[in-house]
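Visitor: I have this one open on my screen and would like to go through it slowly. Please start with whatever terms I need.

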Amino acid sequence: MGKIILNGEIKNRSDVSVDIEDRGYQFGDGVYEVIRVYNGKLFAGEMHLNRLLDSAKLIQMKVPFTVAEMETRVKELISEDGLQDGIIYMQLTRGVSPRTHVFPSSDVEPVFVAYTKEIPYTGKMKPGAKGITTDDIRWLRCNIKSLNLLGNLLAKQAAAEAGCDEAIQHRDGLVTEGSSSNVSIVVDGTLKTHPATNLILNGITRQVMLKLCADHGIPYVEEPFTVEEMMTADEVLYTSTSVEVTPIINIDGGMIAAGETGPVTKKLQQLFSQEIERQCGSID
Ligand code: PDD
């Protein structure tokens, strides 16, 4: 631990500081990614790095690095830090420039920062989580993995204060996603999840899970579902880089799936673990 990538270079964390005129610091003017590392290897690394560049493009930020260049640097960081199991956090901001809402001139370079964090692996079959429902008060470009996370933070804090793990957000009764995850339900064996529109972040875990469904004959539809449908669903699950595939067994105090992990969620957890092992090696 203790290393940080600042633009093209790996430095000691203690040698790096944030400029108070970094637009990420002042405006949240930037984008980020979180990539999981198992056995010292990136899980779905290219998908995450491509999404980082897609997010940058959507906020009209020009990035002077390719996916391949970022991947090389990030792998060096993992090796220098000796990271086995954990995450890489990375962000791109629109650079350092005197504060004004208008974008700075094109000679101001974005600032790329990445560092690792160790997270012990908690096992293949995650225990059931608890959720609350909450209004989705965020902006209408949730497909961008933007540094502006206040809506998400307020939702997650409300969940934490209710003793729960995740806030399940909805717009006028239609479930969008969790505060830092995607949410799916299972009804009569079919998985249902919000389509990848501007109202959700198209999670990499979500995409990997849907591919596993397609490859293993688990029926799924990308359609919005209501809070009522969710409360009476056979199974509810949430997915993200940190929670992988995890069942939600209690929402707003009401039990889901009799408080057990349902069969489709169990199958998806198994398939997801196999996918991790295929990409990164054994996780026993
Ligand atoms: N969050 N939706 C939101 C709003 C998220 O913040 C995240 C991830 C996801 C799931 O995306 P993925 O499967 O690519 O991790 C969905 C990350 C982990 C975070 O902010 O820490």
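Guide: Strands, as the word is used here, are DSSP runs of E with at least two residues, and they are numbered from the N terminus. By that reading, Ser184 belongs to strand E10, which covers residues 182-187. Please keep in mind throughout that this is a predicted model.

Visitor: OK, and is Ser184 buried or exposed?

Guide: Ser184 counts as buried, because its relative accessibility is 1%, and the limit for that class is under 20%.

Visitor: What does the side chain of Ser184 make a polar contact with?

Guide: The partner is the side chain of Thr193, and the polar contact between the two side chains is 3.1 Å. Apart from neighbours within four places in sequence, Ser184 is in contact with several residues, among them Leu191, Lys192 and Thr193, and also Met209, Phe225 and Val236.

Visitor: Where does Thr193 lie, then?

Guide: Thr193 is part of strand E11, residues 190-193, and Thr193 is counted as buried because its relative accessibility is 1%. Its contacts, with neighbours within four places in sequence left aside, include Val183 and Ser184 as well as Arg206, Leu210, Val221 and Phe225.

Visitor: Switching to the ligand: how many residues surround it, and which are the closest?

Guide: There are 20 residues around the ligand, and the closest are Tyr32, Glu177, Ile204, Thr205 and Thr241. By class, this shell consists of four nonpolar, twelve polar and four charged residues.

Visitor: Which helices and strands supply at least two residues of the shell?

Guide: Strand E3 (30-38), helix H2 (45-58), strand E9 (174-178), helix H5 (204-215) and strand E13 (235-240) each supply at least two of them.

Visitor: I'd want polar distances for a docking check. What lies 2.7 Å from a nitrogen atom of the ligand?

Guide: That is a polar side-chain atom of Glu177. On the oxygen side, an oxygen atom of the ligand is 2.9 Å from an N or O atom in the side chain of Arg51, and an oxygen atom of the ligand is also 2.8 Å from a polar atom of Ile204, which in that case belongs to the backbone. Taken on its own, the ligand has 470 Å² of accessible area, and the protein covers 89% of it.

Visitor: Where does the ligand lie with respect to domain 1 and domain 2?

Guide: The ligand lies between them, because domain 1 (3-118) and domain 2 (129-280) both give residues to the shell around it. The centres of the two domains, taken over C-alpha atoms, are separated by 26 Å, and the contact takes 25 residues from domain 1 and 22 residues from domain 2.

Visitor: Back to strand E13 for a moment. What does Ser240 touch?

Guide: Ser240, which is found in strand E13, touches Ser180, Ser181 and Thr205 once residues up to four places away in sequence are not counted. Ser240 and Ser180 are 60 residues apart in sequence, yet their C-alpha atoms are 7.2 Å apart in space. A polar atom of the Ser240 side chain lies 3.2 Å from the backbone nitrogen of Ser242. Ser240 is classed as buried because its relative accessible area is 10%, under the limit of 20%.

Visitor: And is Leu154 buried or exposed?

Guide: Leu154, which is found in helix H4 (residues 150-161), counts as exposed at 54% relative accessibility, the cut-off for that class being over 50%. The C-alpha atoms of Leu154 and Glu118 are separated by 26 Å, with their positions 36 residues apart along the chain.

Visitor: Last topic, backbone angles. Which residue has a positive phi although it is not a glycine?

Guide: Asn7 is one of them, with a phi of about 50°, and Asn7 is found in the loop between strand E1 (3-6) and strand E2 (9-12). Asp252, likewise a residue other than glycine, has a positive phi near 50° and is found in the loop between strand E14 (244-251) and strand E15 (254-255).

Visitor: How do Asn7 and Asp252 count for accessibility?

Guide: Asn7 counts as partly exposed at 28% relative accessibility, and Asp252 is partly exposed as well, with a relative accessible area of 44%.

Note on methods: Residues numbered from 1 in each chain as written. Predicted model: local features only at pLDDT ≥ 70, side-chain atom pairs only at ≥ 80, totals over all residues. Heavy atoms only, no water. Near = heavy atom within 4 Å. Polar contact = N/O pair within 3.5 Å; in protein donor to acceptor, adjacent residues only side chain to side chain. Areas by Shrake-Rupley, 256 points an atom, 1.4 Å probe, with all protein chains shown as cover. Helix = DSSP H or I, 4+ residues; strand = E, 2+ residues; numbered from the N terminus. Nonpolar A, V, L, I, M, F, W, Y, C, P; charged D, E, K, R; others polar. Domains from an automatic or database assignment. Buried < 20%, exposed > 50% of the residue type's maximum accessible area, 1.4 Å probe, protein only. Contact = heavy atoms within 4.5 Å.
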